[in-house]
Amino acid sequence: QVQLVESGGGLVQAGGSLRLSCAASGRTFSSYTMGWFRQAPGKEREFVSAIRWSGGSTYYADSVKGRFTISRDDAKNTVYLQMNSLKPEDTAVYYCAAGSYSGSFSYLYRAGSQYNYWGQGTQVTVSS
């Protein structure tokens, strides 16, 4: 069982930065692939980024590539999402998720169905 708690959301102007954190409970954090998803009002949840359990491979949605960076600190059981050059369209509730997939099919890291545990979400609002 893994429990996830996100933090770091808030209100920021366009062009600004935020760093989201996701603290995980459980002693097997290092064996999970960690992902970030987001959901804007009236829209479906969408993949943002993921980092494989080994920490060597990262994945990004095209819409955030070059602006967002995912990282993890297994010693602290924490995964981060550094968000730079924020745009109003980045406004959403951001969710942290943990899953066990660690294979070679990159599309599966983008699938919410591959993640077993979810946090409660943190609101990110980007003003224009």
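Arg38 counts as buried, at 5% relative accessibility. The model described here is predicted, and this arginine is a convenient place to start reading it.

Two acidic residues pair with this side chain. Glu46 forms a salt bridge with Arg38, in which the closest N and O atoms are 2.6 Å apart. Glu46 is partly exposed, with a relative accessible area of 37%. Asp90 also forms a salt bridge with Arg38, the closest N and O atoms being 2.9 Å apart. Asp90 lies in the loop between strand 8 (78-83) and strand 9 (92-99) and Arg38 lies in strand 4, so their salt bridge ties together parts that are 52 residues apart in sequence. Both Asp90 and Arg38 are buried.

A salt bridge also joins the side chains of Arg72 and Asp74. Here Arg72 is buried, at 14% relative accessible area, while Asp74 is partly exposed, at 32%. Elsewhere, salt bridges with shared partners join Arg38, Glu46, Arg67 and Asp90 into one network. The whole structure holds five salt bridges, and three of these are listed below with their N to O distances.

| Salt bridge | N to O distance |
|---|---|
| Glu46 and Arg38 | 2.6 Å |
| Asp90 and Arg38 | 2.9 Å |
| Arg72 and Asp74 | 2.8 Å |

The aromatic residues come next. The structure has eight aromatic pairs, counting rings whose centres lie within 6.5 Å. One of them is formed by Tyr32 and Tyr117: the ring centres are 6.0 Å apart and the planes meet at 80 degrees, so the pair is edge-to-face. Tyr32 sits in the loop between strand 3 (18-24) and strand 4 (33-39), and Tyr117 in strand 10 (residues 115-118), so this pair ties together parts that are 85 residues apart in sequence. Tyr32 is buried, its relative accessible area being 13%.

Tyr115 and Trp118 make another pair, with ring centres 6.3 Å apart and planes at 65 degrees, so this pair too is edge-to-face. Tyr115 is buried, at 5% relative accessibility, whereas Trp118 is partly exposed, at 28%. These two residues belong to one aromatic cluster with Phe37 and Phe47.

Phe37 has a charged neighbour as well: Arg45 lies over the face of its ring, at 5.6 Å from the ring centre.

How values were computed: Residues are numbered from 1 along each chain as its sequence is written. This is a predicted model: local features need pLDDT of at least 70, side-chain atom pairs count only at pLDDT 80 or more; totals for chains, interfaces and linings use all residues. Side-chain values use heavy atoms; hydrogens and water are left out. Rings of Phe, Tyr and Trp (its six-membered ring) pair if their centres lie within 6.5 Å; planes under 30 degrees apart count as stacked, over 60 as edge-to-face and the rest as tilted. Helices (H or I, at least four residues) and strands (E, at least two) are DSSP runs, numbered from the N terminus. Buried means under 20% relative accessible area, exposed over 50%, partly exposed in between (1.4 Å probe, protein chains only). A charge sits over a ring if NZ of Lys or CZ of Arg is within 6 Å of the ring centre and within 35 degrees of the ring normal. A salt bridge is a side-chain nitrogen of Lys or Arg within 4 Å of a carboxyl oxygen of Asp or Glu.
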